[in-house]
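Here's a short set of exercises to work through with the model open in your viewer. Try each task before reading its solution.

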Amino acid sequence: MNTKQDTTPENSNSGDPNAKTPSDSAVEMRELVLPNDTNTHGNILGGKVLHLVDIAAAMCAMRHCRKPVVTASIDEVQFHYPIPEGHFLLLKASVNFVGRSSMEIGVKVLSEDPMTGEMRHTSTAYLTFVALTASKSPSEVPRLNPQSDEEKRRFEKGRDRMEARRERRRQG
Ligand SMILES: CC(C)(COP(=O)(O)OP(=O)(O)OC[C@H]1O[C@@H](n2cnc3c(N)ncnc32)[C@H](O)[C@@H]1OP(=O)(O)O)[C@@H](O)C(=O)NCCC(=O)NCCS
């Protein structure tokens, strides 16, 4: 059996009464691109996008575990299109997968042209947050119970990425 495709109750935590679903903690955040946050081409700075991604993901992680969290890592992020001053940013964050104390949060970034309503998918980011105890050591998080086919797909992909990150850290 291919365990990577396995979404049985054991792997998707559907039997755990304390498990939470991705929609329990999902976050949507909107922002207007203002002149102070643009580069010399009049488009939003990449660093500003990453800042907003980090905030949306942190809120999502805290909503999942209801504990303080820190960003442990951000996977490679690509910027597919420039987002001009005056356009809107829409950030959609949800929990893809959880370990013992860590959570992979996926953030989809879209731009919206305020005059036409046209939406463009500009970036996707995967961040790992770790929940902390009061003494700042890693603290257990609730299991994740994906519901929809899309959430189950993200769960499987999130698990693969979490395993790959662990392997990369092991190899230094
Ligand atoms: C993230 C941090 C809490 C991990 O602490 P640690 O003592 O290394 O903890 P552990 O080795 O026990 O790992 C705890 C969890 O974090 C995960 N983890 C640790 N480092 C990671 C990394 N770089 N990327 C992704 N996950 C990581 C582990 O896989 C483990 O997950 P699990 O509990 O789900 O199995 C610690 O490195 C830290 O505080 N870093 C600074 C965070 C920070 O300040 N961020 C803001 C920007 S600088």
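**Exercise 1. Which residues is Leu52 in contact with, once its neighbours within four places in sequence are left aside?**

Solution. Start by placing the residue: Leu52 sits in helix α3. Now skip the sequence neighbours within four places and list what remains: Met29, Glu31, Leu89 and Leu91 are in contact with Leu52. Next, check its burial. Leu52 has 19 C-beta neighbours inside 10 Å, and burial takes 20 or more, so Leu52 counts as partly exposed. One more distance to try in your viewer: from Leu52 to Val107 the C-alpha separation is 9.9 Å, for 55 residues along the sequence. Keep in mind that this is a predicted model.

**Exercise 2. Which residues of α3 are buried, and how do they sit around the helix axis?**

Solution. First, the helix itself. α3 covers residues 46–65, which is 20 residues, and spans 29 Å from first C-alpha to last, close to the 28 Å expected at 1.5 Å a residue. Second, pick out the buried positions: Val49, Val53, Ala56, Ala57, Cys60, Ala61, His64 and Cys65. Third, look down the axis of α3: the buried residues stay within an arc of 155°, so they line one face of the helix. The spacing fits a general rule: an α-helix has 3.6 residues a turn, so residues three or four places apart point the same way. Fourth, turn to the face away from the buried side, where you'll find the exposed residues Gly47 and His51. Last, ask what the buried residues of α3 pack against: α2 (22–25), β1 (27–32), β2, β3 (88–98), β4 (102–112) and β5.

**Exercise 3. Where do Arg66 and Lys136 lie, and are they buried or exposed?**

Solution. Take Arg66 to begin with. Arg66 follows α3 and belongs to the loop between α3 and β2. Its phi is positive, near 55°, in a residue other than glycine. With 11 other C-beta atoms within 10 Å, Arg66 is exposed. Now Lys136, which is in the loop between β5 and α4. Phi of Lys136 is also positive, near 70°, and again the residue is not glycine. Lys136 has 9 other C-beta atoms within 10 Å, and that makes Lys136 exposed.

**Exercise 4. Which residues come nearest to the ligand, and which element gives the largest share of the shell?**

Solution. Begin with the shell: 13 residues surround the ligand, and Ser73, Gly99, Arg100, Ser101 and Ser102 come nearest. Then sort by element: β2 (69–74), β5 (119–131) and α4 (149–171) each give two or more residues. The largest share, 4 residues, is from β2. Finally, sort by chemistry: the shell has 4 nonpolar, 6 polar and 3 charged residues.

**Exercise 5. How does the span of α4 match its expected value, and what follows the helix?**

Solution. Count first: α4 has 23 residues. Its span of 33 Å, first C-alpha to last, is close to the 33 Å expected at 1.5 Å a residue. The buried residues in α4 are Glu151, Arg154, Phe155 and Gly158. After α4 comes Gly172, with a positive phi near 75°.

**Exercise 6. Where is Asn18, and which residues is Asn18 in contact with beyond four places in sequence?**

Solution. Asn18 belongs to the loop between α1 (9–12) and α2. Only the count matters for burial here: 8 other C-beta atoms lie within 10 Å, and Asn18 is exposed. Beyond four places in sequence, Asn18 is in contact with Pro142 and Arg143. Compare Ala125, which is 107 residues away from Asn18 in sequence and 27 Å away in space, C-alpha to C-alpha.

**Exercise 7. What pattern does the protein follow along the sequence, and how compact is it?**

Solution. The inventory is 4 helices and 5 strands, arranged along the sequence as α-α-β-α-β-β-β-β-α. The radius of gyration is 17 Å, close to the 16 Å that the globule rule gives for 172 residues, so the protein is as compact as a globular protein of that length. Along the principal axes, the C-alpha atoms fill a box of roughly 50 × 35 × 30 Å. Buried residues account for 30% of the 172. As for contacts with a separation of 6 or more, 74% are between residues 24 or more positions apart.

Key: Residues are numbered from 1 along each chain as its sequence is written. This is a predicted model: local features need pLDDT of at least 70, side-chain atom pairs count only at pLDDT 80 or more; totals for chains, interfaces and linings use all residues. A residue is near a molecule or strand if its C-beta atom, placed from the backbone, lies within 6 Å of it. Ala, Val, Leu, Ile, Met, Phe, Trp, Tyr, Cys and Pro count as nonpolar, Asp, Glu, Lys and Arg as charged, and the others, Gly among them, as polar. The expected span of a helix is 1.5 Å times one less than its number of residues. A residue is buried if 20 or more other C-beta atoms lie within 10 Å of its own, exposed if 12 or fewer, and partly exposed in between; C-beta atoms are placed from the backbone. The arc is that of the directions from the helix axis to the C-beta atoms. Two residues are in contact if their C-beta atoms, placed from the backbone, lie within 7 Å. The radius of gyration is taken over C-alpha atoms; the globule rule is 2.2 Å times the number of residues to the power 0.38.
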